[in-house]
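Thank you for asking for a reading of this structure. The note is written for someone who has not looked at it before.

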Amino acid sequence: MQRTGNHTMGRMRIPTRTAALTGHDPVRPLRRVVWGFALLALTAGCGSTASAGAEVAAEEDDAMRTPRSGAEGEVATPGHQEGPGRGMAWVILGADTVTAEVAASAEERRQGLMYREDLPDGTGMLFVFPDEAVRSFWMQNTYIALDIAFLDSRSRIVDIKQMEPESTALHDSSAPAMFALEVRKGWLEEQEIRVGLQAEIVFGAR
């Protein structure tokens, strides 16, 4: 049996060619029918494959954007990019978007923004934890004054604090958080981003 796309076409027995004896080829009409069925099967198979590929691409796009929350509709994404880069995330805060490095492993969270000399506006670091809990941060070996926004598992801001460079004072979230976003100190206030804001997080590939 020969398989084409999602359809199976059996071989058909073709009569011996007799045109040399009769001047008429009885095989030609049958050959046209066989080719017609083969073309129809091939076309149907390709259509099925294209549809399946589109569904897989849509599922992968949804998975990349998990967790996703907030209002449906257009979001403030940087430029015309299709998605964040590898190891990055977009944290969409109403009309503003932060392009953030993702710190998801224990080692990445420990390193944080230590030893950085600057942090351009519109960029930051997103700390991702495996569950919701009260989170504590300090600023040892961190040279940039920072805002930190704590977000729950639904990406809603539950607390905002400001942290001074190289301070060893602990800054605890006032409510359980699953994410923490660090940006330049004062940036959240300048953009009028407040506790209670529903954010949206779009992750790039890891």
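The points below deal with the sheet and then with one of its strands.

1. Please keep in mind throughout that this is a predicted model. The sheet to look for is an open one, in which 7 strands follow one another in the order β8-β7-β10-β5-β4-β3-β11, with mixed pairing.

2. At the edges of this sheet stand β8 (157-163) and β11 (200-203), and because each has a single partner strand, one side of each is left without a neighbour in the sheet. From one strand to the next, the twist averages 30 degrees.

3. Strand β10 (residues 177-184) pairs with strand β5 (residues 123-133) in the antiparallel sense, and 5 bridges join the two. Two positions in β5 can serve as guides when tracing this pairing: Met-125 has Glu-182 of β10 as its bridge partner, while Leu-126 is partnered by Leu-181 of β10.

4. The pairing of β10 with strand β7 (residues 146-151) is also antiparallel, and it runs over 6 bridges. Here Leu-181 appears again, since in β10 it is the bridge partner of Ala-149.

5. Why can β10 be described as largely enclosed by the rest of the structure? The reason lies in the burial of its residues, of which 6 of the 8 are buried, where buried means under 20% relative accessible area.

Terms used. Residues numbered from 1 in each chain as written. Predicted model: local features only at pLDDT ≥ 70, side-chain atom pairs only at ≥ 80, totals over all residues. Heavy atoms only, no water. Pairing = 2+ DSSP bridges. Helix = DSSP H or I, 4+ residues; strand = E, 2+ residues; numbered from the N terminus. Axes fitted to C-alpha atoms, helices over the stretch in contact; angles between N-to-C directions. Buried < 20%, exposed > 50% of the residue type's maximum accessible area, 1.4 Å probe, protein only.
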